[in-house]
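The following report considers pockets, cavities and charged pairs in a single protein chain. Please keep the sequence and the model in view while reading.

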Amino acid sequence: MTVPPLKNNCFAMPAGVEWTPVDDALKQIKNGLHPVVGQESITLEIAAGRILAASVTAKRNNPPMANSAVDGYGFCYNDLPDKEIINLPLQAGVSAAGKPFAGQVNAGSALRILTGAIIPDGVDTVVLEEDVVIAGASIAFRSGLRKGANLRRAAEDVAVGQNIFEAGHVLRPQDLALLAATAVHKVTVYKRLKVAVISTGTELVKVGDAARDDQIFDANKPMLLNMIRAWGFDAVDGGHFMDDPDLIRDGFNKAAQNADAIFVSGGASAGDEDYVSKLLKEEGALHTWRVAVKPGRPIAMALWGGVPTFGFPGNPVAAFVCALIFGLPALKTLAGQAVLDVQSFQVPAVFQKSKKAGRREYLRARLDANGHAQVFKSEGSGRISGLTWSDGLVELPDAAAEIAVGDMVRYIPYAFFGI
Ligand code: AMP
Ligand code: MG
């Protein structure tokens, strides 16, 4: 009998097994998935957070006509006398927002004009009220204005027919202002993606229920449900199942009927009780398994009854990181949302770390008062308090790395993941 030497490293890669690099797994997600939801037309009032299903072009110029940027007096620049102090007779009337001046402003005269008012015929420049003194029926101001000062030209912001948004864009409140200004009152968006969340593990109990000492509360369910909602998708509780293939199969079947995608945590390794990976391999179409990432390791991407199913590790820390790195881009793709590169900062490290080659690593991190990255004191995957201590992740590249204090590292705030 040969007894193997102690590895004493639970993240050592098993020999002879193919490990998919993170970038390859992400490529597979991007290329292998496509939007699975329908479309609907909605009004702007309820459109924030929704994903455009088609590009949008402006239906009107913004602004539609030239108008004044200030309260002041309008005149024709070329009629100004060549003097240091300029006096202009004030013509009767006013141009106000929503109440344009109907007539023509006479050559060499000025007209009272208010912010947002249409620039009347005969005016191409506006002087600010504060720069003017009124003397009887005329105004006086110093020379030095530029021709066209203090007015907004028609279409200077956006021209009719201009493309303003691409399909896949998630509408933000400020986007709705531009749509309204350009006369787009309805948008075609994707229907909300619905994601079922399943927990597996005989040791799990729903928080709030009584637990024996040998049982643990299901921490992944509330976390994953709420991550999905924070990303703008609908989340449904797909239940909790013991490590029993018949129960988990039933759970998958039900979830596949109710949802557009499935998140399942636990049971994704190759252990005796790991029925998630077994079921997905034998009865679902398993695409990728074993991604070279820490924390993580067993991640399953499969189809169950045609429904994209993502199996995450049971460890809450690993489940969290894998949901951010793989689950989020996958759901975005299924929902019709553009998957943009994750934004990050390069910041100096205030920690040391020696990292082996062959897998990407994510450290729970936050910035200190100087904007430098600190990491949580333990990399243990069961340390849920490290998730709440941290505000983001430091991503270390696939290659080996020796990080010394002061070295620049890639820091991704959780906010950049939408949570
Ligand atoms: P597994 O991936 O099923 O091998 O689980 C790995 C570790 O995570 C074990 O210690 C489990 O007890 C724990 N675990 C699995 N699922 C959950 C969960 N939903 N909440 C908290 N811990 C879990
Ligand atoms: Mg388990």
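In which loop is Val342 found? In this predicted model, Val342 is found in the loop between helix 6 and strand 22, the latter spanning residues 345–348.

## A nonpolar patch at the surface

Val342 has a relative accessible area of 35% and is therefore partly exposed. Together with Phe345 and Phe416, Val342 makes a nonpolar surface patch of about 230 Å². Val342 also belongs to the lining of the largest pocket, where it is listed with the residues closest to the pocket centre.

## The largest pocket

The largest pocket has a volume of about 1,100 Å³. Its lining consists of 39 residues, and those closest to its centre are Lys332, Val339, Leu340, Asp341 and Val342. Four elements give two or more residues to this lining, namely helix 1 (22–32), helix 6 (316–335), strand 24 (360–367) and strand 28 (408–413).

When the lining of the largest pocket is divided by residue class, 22 residues are nonpolar, eight are polar and nine are charged.

## The second largest pocket

The second largest pocket holds about 500 Å³ of space. It is lined by 28 residues, and Glu203, Gly266, Pro313, Gly314 and Asn315 are the ones that lie nearest its centre. Helix 6 contributes at least two residues to this lining, as does strand 15 (216–217); helix 6 is also among the elements that give two or more residues to the lining of the largest pocket. The class composition of the second lining is 12 nonpolar, 11 polar and five charged residues.

Glu203, one of the residues nearest the centre of the second largest pocket, can also be placed relative to Asp237, a residue of strand 16 (residues 234–241). The two residues are 34 positions apart along the chain, and their C-alpha atoms are separated by 18 Å. Asp237 is partly exposed, with a relative accessible area of 48%.

## Enclosed space

Across the whole structure, a search finds two cavities of 30 Å³ or more. The largest cavity contains about 90 Å³ of space, and the residues that line it are Lys294, Pro295, Val317, Tyr362, Leu363, Arg364, Val375, Phe376, Ser378 and Glu379.

Strand 24 gives the most to the lining of this cavity, with three residues, and strand 24 is also named among the elements that supply two or more residues to the lining of the largest pocket. By class, the cavity lining comprises six nonpolar residues, one polar residue and three charged residues.

## Salt bridges between separated parts of the chain

Side chains of opposite charge can pair when their charged atoms come close. The structure holds 17 salt bridges. One of them is formed by Glu84 and Arg142, whose closest N and O atoms are 3.3 Å apart. This pair links distant parts of the chain, 58 residues apart, with Glu84 in the loop between strand 4 (72–75) and strand 5 (85–95) and Arg142 in strand 9 (residues 138–142). Glu84 counts as partly exposed at 49% relative accessibility, whereas Arg142, at 55%, counts as exposed.

A second example is the salt bridge between Arg249 and Glu283, in which the closest N and O atoms are 2.8 Å apart. Because Arg249 lies in helix 4 (residues 245–258) and Glu283 in the loop between helix 5 (275–282) and strand 18 (285–288), this pair ties together parts that are 34 residues apart in sequence. Both partners count as partly exposed, Arg249 at 24% relative accessibility and Glu283 at 40%.

## A network that includes Arg360

Asp398 forms a salt bridge with Arg360, and the closest N and O atoms of this pair are 2.7 Å apart. Asp398 lies in the loop between strand 26 (392–396) and strand 27 (401–403), while Arg360 lies in strand 24, so the pair ties together parts that are 38 residues apart in sequence. Is Arg360 buried or exposed? At 10% relative accessibility, Arg360 counts as buried, whereas Asp398, at 24%, counts as partly exposed. Through salt bridges that share partners, Asp398 and Arg360 are joined with Asp23, Glu395 and Arg410 into one network.

How values were computed. Residues are numbered from 1 along each chain as its sequence is written. Chains are lettered from A and ligands numbered from 1 in the order in which they are written. This is a predicted model: local features need pLDDT of at least 70, side-chain atom pairs count only at pLDDT 80 or more; totals for chains, interfaces and linings use all residues. Side-chain values use heavy atoms; hydrogens and water are left out. On a 1 Å grid over the protein atoms alone, a cavity is a set of points where a 1.4 Å probe fits but cannot get out, and a pocket is an open set with protein on both sides within 12 Å along at least five of seven lines; lining residues have an atom within 4 Å of a point. Grid points are joined across faces, edges and corners, and a volume is the space filled by probe spheres set on the points. Ala, Val, Leu, Ile, Met, Phe, Trp, Tyr, Cys and Pro count as nonpolar, Asp, Glu, Lys and Arg as charged, and the others, Gly among them, as polar. Patches are made of residues with over 30% relative accessible area and no salt bridge: like charges are joined within 9 Å, nonpolar side chains (Val, Leu, Ile, Met, Phe, Trp, Tyr) within 5 Å. Accessible areas come from the Shrake-Rupley method with a 1.4 Å probe; for residues, only the protein chains shown count as cover. A salt bridge is a side-chain nitrogen of Lys or Arg within 4 Å of a carboxyl oxygen of Asp or Glu. Buried means under 20% relative accessible area, exposed over 50%, partly exposed in between (1.4 Å probe, protein chains only).
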